[in-house]
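Okay, thanks for coming, everyone. Let me put a structure up, and then I'll talk through a few spots in it.

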Amino acid sequence: MINHNESFSNIGLNLKATYTQLPEILFSKLMPISVKDPKTVVLNNELSFELGINFSDLSSKDLSNFLSGNTIPSGIGPFAQAYAGHQFGNFTILGDGRALTIGEQSTPKGEIYDIQFKGSGRTPYSRGGDGRAALGPMLREYLISEAMFHLNIPTTRSLAVVETGEKVFRETPLKGAILTRVAASHVRFGTFQFLAAHKDIDAMSKLLDYCIKRHFPEILDSSNKVIKFIELVMSKQIDLIVNWMRVGFVHGVMNTDNSTIYGETIDYGPCAFMDQYDHKAVFSSIDFKGRYAYGNQPATIHWNLIRLAESLLPLIDKDETKSLEIAQKTIDSFSEIFNEKWQMMMRSKLGITDRSREDEVLIKDLLTWMQSKKPDFTNTFCNLMDSNHAKDEDFEDNDFVIWKKNWKERVNNNDYLNIMKKTNPILIPRNYLVEEALAEAEIEGKFSKFNELLVVLSKPYEQLDIDEKYSKTPQIQAEPYKTFCGT
Ligand code: AMP
Ligand code: MG
């Protein structure tokens, strides 16, 4: 339903749909499918303030109608985006099967963000799906994406979760919900792959210019902007994955449709933070071969970047061989850049500011010990920072004690603790606490644990005066932690 009423005219919505000026192959304009009885269960006031939107004068009914897509204020034209992607290595034509972007909001600071409803009903790209989402996975996305934001990791954010008052049918009937997601943009590696598959080079050139204008205006007039674009996307993605490695985050479904051009973490389906360190940590119930395991994330993003560069080949040079040569050279620089940034991140985790060749050995020795003993990842670094909660038995191990003595001799600067405190979180979304909070919300309809966890995770680097359960090493469970794609 389009709503022309006054309620929405003063809340600060400042939406454009510049994406719909691109060639039509890239999107479909359509309205959300209304839901029975929407009720807002989480609202991110801090984020709405940053977006320049003020919901406080809306009645709770108007608010829920807006955030569920039941009421679309006049002047707004939602659209679903088309894209493709390699899912676990297999190429598929996809698209927003259950999401609609309602527009691009200009913020008071002059930034532009897509505002998107996830779970808003079927679209031309739904394939066999129902276009809907369940409450648990949407709350999970809200919680983890906000935790990532406060960990200073590029990410899409979450503005709200609305229960729809309808059931969605998965293995069992579940409460339906719609998440409002906010992103720098939703252009994915797979958006370029989609145009390459359709051999629509004209549209690809227009999409490239669109992305450059929106994200990398500094290369607009560059003579080799395609290569510069690949380099910038690569740089953003390297920064992103290095950050994931820093906090022990396992995304779980790094398909090329889940890698964005602007390098934000997107699609919090089967993701998890590892407790015990394991290079091979994998949580997703469908990742049988560990393709997207913790330690495979750098190689995976490299693979995804090759798929992006391949798609862009026709824009690099008319001569195919020449294009390939140029692209190859850019992509070949990945490992060196990644390694450099990863080493730098690891040195910061250890409070080392200057650089010495021996550091590589120091880092390697620590990780080798961690792989064999499997201590808590987060708390290993908290132990080095002398945090009270990180005194696990594991850290009395002789090899670790010797390593720690060497390390202490190496960190000869006075500032090492300050650097470590900015790099090593004390609080991460512990899997069992996330599950407890989601279960309480889904089953009992109570949000106290969820809201408490949100507050705690908004200051992950601070030694807060809170219950130790949030920071101490969780008990090892008999069954390994498993996550599921949030469909
Ligand atoms: P994801 O694994 O969340 O990245 O989703 C992969 C693709 O499946 C995307 O194109 C989604 O839009 C689509 N999809 C996921 N769940 C549904 C659903 N319930 N109905 C329609 N499309 C869906
Ligand atoms: Mg996805």
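I'll go through the metal site, a cavity, some ring contacts and a few bits of backbone. One thing up front: this is a predicted model.

Let's start with the metal. Which protein atoms are the donors of the magnesium ion, ligand 2? They are OD1 of Asn258 and OD of Asp267, and they lie 1.8 to 2.2 Å from the ion. Now, are those two residues buried or exposed? Asn258 has a relative accessibility of 9%, so it counts as buried. Asp267 comes out at 17%, and since the cut-off for buried is under 20%, Asp267 is buried as well.

Hang on to Asn258, as we meet it again in the cavities. Searching the whole structure for cavities of 30 Å³ or more turns up three. The largest has a volume of about 50 Å³. Asn258 is one of the residues lining that largest cavity, and others include Trp244, Met254, Glu264 and Ile301. Where does the largest share of the lining come from? That would be helix α6, residues 225-247, which supplies four residues. If you sort the lining of the largest cavity by character, you get six nonpolar residues, five polar and one charged.

On to the rings. In general, you describe an aromatic pair by the distance between the centres and the angle between the planes. For this model the count is 26 aromatic pairs. Here's one to look at: Tyr19 with Tyr210, 5.5 Å centre to centre, with 85 degrees between the planes, so edge-to-face, as anything over 60 degrees is. That pair links distant parts of the chain, with the two positions 191 residues apart. Tyr19 is in the loop between β2 (15-16) and β3 (27-29), while Tyr210 is in helix α5. Both Tyr19 and Tyr210 are buried.

There's also a cluster. Ring pairs join Trp369, Phe395, Phe400, Trp403, Trp407 and Tyr416. So which rings have a charged end sitting over them? Tyr83 has Arg188, with the charged end 4.2 Å from the ring centre. Trp303 has Arg307, and there the figure is 4.4 Å.

Now the backbone. As a rule, most residues other than glycine have a negative phi. Phe88 has a positive one, near 50 degrees. Where is Phe88? In the loop between β7 (84-87) and β8 (90-93). At 25% relative accessibility, Phe88 is partly exposed.

Lys199 also has a positive phi, near 50 degrees. This lysine, Lys199, sits in the loop between α4 (189-197) and α5 (201-215). Is Lys199 buried or exposed? Exposed, with a relative accessible area of 68%.

Last stop, Gly121. You'll find Gly121 in the loop between β10 (112-118) and β11 (133-134). At 3% relative accessibility, Gly121 counts as buried. Along the chain, Gly121 and Ala133 are 12 residues apart, and their C-alpha atoms are separated by 8.7 Å.

If you take one residue away from this, take Asn258: a donor to the magnesium ion, buried, and part of the lining of the largest cavity. That's me done, so over to you.

Note on methods:
Residues numbered from 1 in each chain as written. Chains lettered and ligands numbered in written order. Predicted model: local features only at pLDDT ≥ 70, side-chain atom pairs only at ≥ 80, totals over all residues. Heavy atoms only, no water. Donors = N, O, S within 2.8 Å, 3.2 Å for Na, K, Ca; no water. Buried < 20%, exposed > 50% of the residue type's maximum accessible area, 1.4 Å probe, protein only. Phe/Tyr/Trp six-rings, centres within 6.5 Å; stacked < 30°, edge-to-face > 60°. Lys NZ or Arg CZ within 6 Å of the ring centre and 35° of its normal. 1 Å grid on protein atoms, 1.4 Å probe; cavity = no way out; pocket = protein on both sides within 12 Å on 5 of 7 lines; lining within 4 Å. Points joined across faces, edges and corners; volume = space filled by probe spheres on them. Nonpolar A, V, L, I, M, F, W, Y, C, P; charged D, E, K, R; others polar.
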